[in-house]
Amino acid sequence: TLPPGRRLQSSRLVPTPPRLLTEEEYRLQGEVETRKALAELRSFCQSPDFSAWSTVSRIQSPKRFADFVGGASHVTPHEVSVHEREFGLESPFIEEQLFVEDDDEGEENSNDSFAG
């Protein structure tokens, strides 16, 4: 039996959908989680359980890996520049996606106006 004043909730209630993140919250969460994961990776690579020789023998740039484990950035300035060119606000890919979305919205709006 239930304590006085408490009701049994119906199992038919639909759970409320989770709140979606804003674009800024999504970006911030990505940065925070990336920093956290990189710190965990560095920590593991510095632990006695990590087989440094086995790992170093399989990677292309042992010096870069050693620098990362020592605290250097996981990306080079050149990689950042290339990423910004390809995926930043000035990239042709982003412009193409914006125009595609605008065209789709225009078609939907014109269809709606003729539907009524």
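## A tour from helix 3 outwards

Begin by selecting helix 3, residues 62-69, whose buried residues are Phe 65, Phe 68 and Val 69. Viewed down the helix, these residues lie on the same side, because they cover an arc of only 95° around the axis. The reason such spacing works is general: an α-helix has 3.6 residues a turn, so residues three or four places apart point the same way. Keep in mind during the whole tour that this is a predicted model.

Next, show what covers the buried residues of helix 3, which includes helix 1 and helix 2, the latter spanning residues 52-56. Before leaving this region, step just past the end of helix 3 to Gly 71, where the backbone takes a positive phi of about 120°.

Now select helix 1, residues 23-45, where the confidence of the model is highest, at a mean of 95. Helix 1 has 23 residues and reaches 33 Å from its first C-alpha to its last, close to the 33 Å expected at 1.5 Å a residue. Colour Leu 38, Arg 42 and Cys 45, the buried residues of helix 1, and you will find that they pack against helix 3.

The next stop is aromatic: the structure holds two aromatic pairs. Select Phe 44 and Phe 50, whose ring centres are 5.6 Å apart and whose planes stand at 75°, so the pair is edge-to-face. Phe 44 is partly exposed, with a relative accessible area of 43%, whereas Phe 50, at 15% relative accessibility, counts as buried because the cut-off is under 20%. Keep Phe 50 selected and add Phe 65, with which Phe 50 forms a tilted aromatic pair, 6.1 Å centre to centre and with 35° between the planes. This second pair links distant parts of the chain, since Phe 50 sits in the loop between helix 1 and helix 2 while Phe 65 belongs to helix 3, 15 residues apart. Both Phe 50 and Phe 65 are buried, and with Phe 44 they are linked by ring pairs into a cluster.

Finally, move to helix 5, residues 92-115, where confidence is lowest, at a mean of 51. Over residues 102-116 the pLDDT stays under 50, and the model has zero contacts beyond four places in sequence for them. Where pLDDT is low, the predicted coordinates should not be read in detail. For the protein as a whole, the mean pLDDT is 78, and 66% of its residues reach 70 or more.

Methods: Residues numbered from 1 in each chain as written. Predicted model: local features only at pLDDT ≥ 70, side-chain atom pairs only at ≥ 80, totals over all residues. Heavy atoms only, no water. pLDDT = per-residue confidence, 0-100. Helix = DSSP H or I, 4+ residues; strand = E, 2+ residues; numbered from the N terminus. Contact = heavy atoms within 4.5 Å. Buried < 20%, exposed > 50% of the residue type's maximum accessible area, 1.4 Å probe, protein only. Arc of directions from axis to C-beta. Phe/Tyr/Trp six-rings, centres within 6.5 Å; stacked < 30°, edge-to-face > 60°. Expected span 1.5 Å × (residues − 1).
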